[in-house]
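Got your viewer open? Load the model, switch to cartoon view, and follow along stop by stop.

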Amino acid sequence: MTNKFPLSQKYIDFINTTNVRAEFLEGTTASGKTTVGAGVKFMRMVSASPKKFHILASKTTGTAEKNIISQDNGILDLHRNAQYFGNGDKEYKLPHIKFENKIIFVLGYDNQDKWLNALGGQYGCVFIDEINTANIEFVREISTRNDYLLATLNPDDAELPIYKEFVNCSRPFRKYLADVPESILAELTEPEKSGWKYWFFSFRDNASLTPEDIQRKIDSAPVGTKLYKNKIQGLRGRATGLIFGNFDRKQHCFQEGGLQLQIEKSELKFMQFSAGLDTSYSAKSADTMAMTFIGIDNNARLLLLEEEVIQNAELKIPVSPSDLAVRFVDFLERCRQKWGFARDVYIDSADQATMTELNKYKRTSGCLYNFINSYKKLKIIDRIHLQSGWIASGCYLVNETCQHHLHELNCYAWKEDKSEPEDKNDHTINSVQYAFIPYKDKIGKR
């Protein structure tokens with residue numbers, strides 16, 4: 001292999017990592033993930049593998065050839081003893097690379113018929129470029145047929161199954177834990193799979209870029225847009241159609257300890273507390289029951305203080321309306337003792353079964369709370385308008401422990417063909433709306 005470009009220490013450590021079964025490389029644009037991942041680490045693993053057959057996959061074989069195989073510092077440039085047969089040869093009909101008596105088949109995961117024909121056996125090493133755009137059935141199939149998997153991806157919609165089933169099952173090395181954005185680290189919580197490692201690379205890890213090159217990259221995308229978050233900051237989230245694209249975790253999140261200290265010093269006072277409950281009892285979908293507790297402070301800011309989310313699909317014994325009534329009151333009591341008393345709380349008016357159980361609980365137990373139907377005459381688009389304005393003016397803040405709400409803010413999106421939001425990723429958002437609607441005139445700068 002020729003040595004044509006400098007490597008940062010992180011990339012050197014990545015290349016020399018051993019005893020791994022899968023590695024996922026996520027990060028910003030121009031970080032060098034594909035060049036180093038495919039051209040150096042993958043080829044090194046192929047060379048060390050006892051198996052003859054390996055796979056390199058991209059969206060199409062043409063994309064693989066242009067971006068990975070034949071480009072400057074591509075596989076053929078870095079490995080002069082490698083040969084590429086784009087149309088196959090008399091021995092192997094599929095496009096492939098011959099390298100050190102090994103065969104690397106080149107596949108496009110956009111065509112299911114073609115890759116199904118190729119996946120008939122076991123392989124040594126597999127490289128998948130931009131795995132976030134890959135056919136999930138292809139990834140599931142190929143993941144059972146290799147000794148080592150290496151995949152690159154650009155930050156994308158965190159709702160994609162590739163994250164839950166694969167990427168979020170990996171973990172970063174302790175040495176580079178601080179390099180992973182907090183929002184991504186909070187999502188790397190699926191059951192860990194042995195030998196699966198996660199790497200986050202930014203263009204600052206690309207030693208071939210000058211400070212001027214990096215600044216040009218930063219200046220190429222407008223600050224605050226999803227393009228900027230995805231490409232420049234390397235943060236996950238839908239690239240298009242995001243409703244709360246102006247929400248910035250660094251600006252709009254607070255640490256609970258710091259808030260408590262402000263309260264103790266009388267620098268902050270809450271003028272109103274409220275709570276909301278959005279319900280969905282489905283055991284066959286990702287829908288949830290979402291409880292939220294908000295405070296409105298003396299600076300006219302809405303602060304989401306607490307959340308609790310229940311998903312029946314994850315429970316062996318599903319929660320019923322009578323169960324939820326007890327759990328919601330328990331949630332309100334915890335919030336009262338920790339923050340303050342919300343006497344009036346607001347329940348999804350479409351769910352009268354839960355409202356009946358809550359009122360029954362109040363009659364039999366004598367609890368302090370007034371359970372009120374949510375006010376839905378204020379249209380969803382108007383609620384969104386209010387929240388977006390409060391976010392823009394710094395009047396909508398979220399406790400960093402409210403991970404479900406932060407996730408929804410990063411995924412809640414418009415329908416592609418209509419000017420209305422999708423009916424998903426919105427349960428804590430709806431719950432917060434139920435809580436703030438009666439007090440909307442107390443929130444925001446006039």
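Start with the open sheet: nine strands in the order 3-4-5-2-6-7-1-9-8, with mixed pairing. Keep in mind as you click that this is a predicted model.

Now colour the two ends of that order. Strand 3 (83-85) and strand 8 (171-172) are the edge strands; each has a single partner strand, so one side of each is left without a neighbour in the sheet.

Next, select strand 6 (residues 123-128) and strand 7 (residues 146-153). These two run parallel, and five bridges join them. For one pairing you can check by eye, click Ile128: its bridge partner in strand 7 is Ala151.

Stay with the sheet and add helix 2 (residues 33-48), which packs on it. Among the strands that helix 2 touches are strand 1 (22-27), strand 2 (53-58), strand 5 (102-108) and strand 9 (196-201). Helix 2 also touches strand 7, and the directions of the two make about 175°.

**Into the core**

Which residues touch the most other members of the largest nonpolar core? Show Phe24, Ile55, Ile128 and Phe138 as sticks: of the 35 residues in that core, these are the ones. You have already met Ile128 as the partner of Ala151. Helix 6 (residues 136-142) gives the most to this core, with four residues.

Zoom in on Phe138. Leaving aside residues up to four places away in sequence, Phe138 touches Ala57, Leu107, Tyr109, Trp115, Leu119 and Ile128. As a rule, nonpolar side chains in soluble globular proteins tend to be buried together.

**Over to a helix pair**

Jump towards the end of the numbering and select helix 15 (residues 380-392) with helix 17 (residues 427-436). Their axes come within 11 Å and cross at roughly 90°. Helix 15 and helix 17 are therefore roughly perpendicular to each other.

Turn on side chains here. From helix 15, pick Arg383, Ile384, Leu386, Gln387 and Trp390; they meet Ile429, Asn430, Gln433, Tyr434 and Phe436 of helix 17. Sorted by class, this contact has six nonpolar, three polar and one charged residues.

**Zoom out**

Finish with the whole chain on screen. You are looking at 17 helices and 16 strands, with C-alpha atoms that fill a box of roughly 80 × 50 × 40 Å along the principal axes. Of the 446 residues, 52% are buried. Among contacts with a separation of 6 or more, 66% are between residues 24 or more positions apart.

Technical notes. Residues numbered from 1 in each chain as written. Predicted model: local features only at pLDDT ≥ 70, side-chain atom pairs only at ≥ 80, totals over all residues. Heavy atoms only, no water. Axes fitted to C-alpha atoms, helices over the stretch in contact; angles between N-to-C directions. Parallel < 35°, antiparallel > 145°, perpendicular 65-115°, else oblique. Contact = heavy atoms within 4.5 Å. Nonpolar A, V, L, I, M, F, W, Y, C, P; charged D, E, K, R; others polar. Core = buried A, V, L, I, M, F, W, Y, C linked by side-chain atoms within 4.5 Å. Buried < 20%, exposed > 50% of the residue type's maximum accessible area, 1.4 Å probe, protein only. Pairing = 2+ DSSP bridges.
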